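Reader: I would like a close look at the cysteines of this protein and at whether they are joined or free. Please then set that part in its wider surroundings, going slowly through the packing around it.

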Amino acid sequence: MKILVIGCNGQLGKSINDVVKNLPYEVILTSREKIDISNLEETRDKVKYYKPKIIINASAYTAVDNAEKFPQDSNLINNIAVENLAKVCNEVNGLLFHISTDYVFDGFSQIAYTEDCKTKPESEYGKSKLMGEIAIQKSNCNYIILRTSWVFSEYGSNFLKTMLKLSITKEEISIVKDQVGCPTYAKDIALLIFHIISELDGEINIKKLYHFSGNEKLSWFNFAKLIFKIQGELNSSFKSPKLIPVDSSELNFLAKRPLFSVLDTSKLSKEYHFKPMLLDNAVKQCIEKINEKDKSSK
Ligand SMILES: NC(=O)c1ccc[n+]([C@@H]2O[C@H](COP(=O)([O-])OP(=O)(O)OC[C@H]3O[C@@H](n4cnc5c(N)ncnc54)[C@H](OP(=O)(O)O)[C@@H]3O)[C@@H](O)[C@H]2O)c1
């Protein structure tokens with residue numbers, strides 16, 4: 001089975017690259033240089049050339065604060081280009097495996113969001129991602145949309161890597177305490193995608209939306225504490241900076257972030273019986289990989 005991956009240089013794209021090595025599929029990994037989804041005509045031509053059975057869209061405009069300044073850019077990548085992908089996916093009779101976000105919700109709920117909860121994005125990024133979802137659902141193509149949250153990995157930029165970097169130069173770090181969510185290891189998303197593909201067993205006539213995230217709910221502040229605790233266990237010379245809990249309103253981010261970002265993942269676990277790694281284990285594995293890379297680059 002031919003699977004086309006778009007956006008192979010991002011956190012998820014690289015994690016997909018790591019997990020596909022021993023799988024029985026023909027996986028074509030493409031970076032922005034090979035397929036730039038903002039170039040609509042060229043993307044159509046290339047997808048038609050490859051004729052994949054499944055397209056995994058790991059690409060996105062993810063600069064949440066920049067999207068407030070340049071909403072047309074996030075709309076182009078997260079909505080218009082996604083609509084284009086969905087149309088061409090339909091034309092090649094494929095399945096579009098698309099990734100979306102907890103930012104489609106306003107974050108004012110007290111209980112975990114299910115797939116049926118009302119969406120109400122508060123940021124330009126969230127709006128563009130929701131428009132992309134809607135475009136796919138309207139296109140009549142076969143699709144799986146996976147909403148996830150708080151992605152971290154040994155690749156690209158993310159909260160965990162930022163904390164480790166800051167710990168080298170800062171004695172004190174202010175961390176948001178009033179936003180709660182479930183950190184999700186990109187490797188788990190990659191493993192889940194291929195678990196679902198294997199369960200589908202070639203039957204791609206499907207139109208589904210799922211929520212998926214890591215197993216533990218915590219604030220950014222407590223996530224930072226966990227990251228430094230584990231780095232301390234792995235590295236005896238590590239000295240944790242002092243962590244100062246602050247409210248998100250004190251940090252003046254351009255984009256509004258949901259205060260409560262917890263996704264109810266029970267639909268997916270019921271249908272696919274897939275469990276993410278325990279958060280401690282995922283963080284440990286991720287930090288070990290970062291430390292290894294740092295050591296070998298010295
Ligand atoms: N990161 C999170 O915390 C988070 C949370 C919830 C949901 N998600 C969703 O999860 C998915 C994966 O996110 P991620 O964290 O892996 O993102 P990421 O690390 O920012 O990677 C995004 C990738 O998209 C590529 N890209 C951007 N514009 C493109 C274009 N025009 N054509 C082709 N490729 C393009 C980028 O290419 P370059 O490498 O060339 O820049 C980059 O490799 C996204 O759909 C995101 O919305 C992420």
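Author: The sulfur of Cys 89 lies 4.9 Å from the closest cysteine sulfur, which belongs to Cys 141, and this is too far for a bond, because a disulfide requires the two sulfur atoms to be within 2.5 Å. Please keep in mind that the model is predicted. Cys 89 is also buried, its relative accessible area being 0%. For Cys 182 the closest cysteine sulfur is that of Cys 117, at 14 Å, and here too the separation is too far for a bond. Cys 182 counts as buried as well, with a relative accessible area of 5%. The total for the structure is zero disulfides.

To place Cys 89 in its surroundings, consider helix H4, whose residues 71–91 include that position. The axis of H4 comes within 10 Å of the axis of helix H2 (residues 40–50), and the two cross at roughly 30°, so H2 and H4 are roughly parallel to each other. Their crossing is right-handed. On the H2 side the contact is made by Leu 40, Thr 43, Arg 44, Val 47 and Lys 48, while H4 contributes Ile 80, Ala 81, Asn 84, Leu 85, Lys 87, Val 88 and Glu 91.

The sheet comes next. Six strands form an open sheet in the order S2-S1-S3-S4-S5-S10, with parallel pairing. Strand S2 (26–30) and strand S10 (207–211) are its edges, each pairing on one side only, and neighbouring strands are turned against each other by 15° on average, with direction ignored. Within this sheet, strand S3 (residues 54–57) pairs with strand S4 (residues 95–101) in the parallel sense over four bridges, and Ile 55 stands opposite Leu 96 in S4.

Several helices pack on these strands. Helix H5 (residues 124–139) lies across S4, strand S5 (142–148) and S10, and runs at about 155° to S4. Helix H7, made of residues 186–200, lies across strand S1 (2–6), S3, S4 and S5, and runs at about 150° to S5. In helix H1 (residues 11–19), the buried residues are Gln 11, Leu 12, Gly 13, Ser 15, Ile 16 and Val 19, and these pack against S1, S2, S3 and S4, as well as against strand S6 (151–152) and H7.

A further helix pair can be set beside that of H2 and H4. Helix H8 (residues 220–234) packs with helix H10 (residues 279–296) at an angle of about 55°, their axes being 10 Å apart, and H8 and H10 are therefore oblique to each other. The crossing in which H8 passes H10 is right-handed. Phe 223, Leu 226, Ile 227, Lys 229, Ile 230, Gln 231 and Leu 234 of H8 meet a set of residues in H10 that consists of Leu 279, Asp 280, Val 283, Lys 284, Ile 287, Glu 288 and Asn 291. Gln 231, found in H8, counts as buried at 7% relative accessibility, and, leaving aside residues up to four places away in sequence, Gln 231 touches Leu 164, Phe 238, Ile 287 and Asn 291.

To return to your request, Cys 89 and Cys 182 are each too far from the closest cysteine sulfur for a bond, and the structure holds zero disulfides.

Definitions and conventions. Residues are numbered from 1 along each chain as its sequence is written. This is a predicted model: local features need pLDDT of at least 70, side-chain atom pairs count only at pLDDT 80 or more; totals for chains, interfaces and linings use all residues. Side-chain values use heavy atoms; hydrogens and water are left out. Two strands pair if DSSP finds at least two bridges between them. Axes are lines fitted to C-alpha atoms, for helices over the stretch in contact, and angles run from 0 to 180 degrees between N-to-C directions. Contact means heavy atoms within 4.5 Å. Buried means under 20% relative accessible area, exposed over 50%, partly exposed in between (1.4 Å probe, protein chains only). Angles under 35 degrees count as roughly parallel, over 145 as roughly antiparallel, 65 to 115 as roughly perpendicular and the rest as oblique. A crossing is left-handed if the near helix is turned anticlockwise from the far one by less than a right angle, and right-handed if clockwise.
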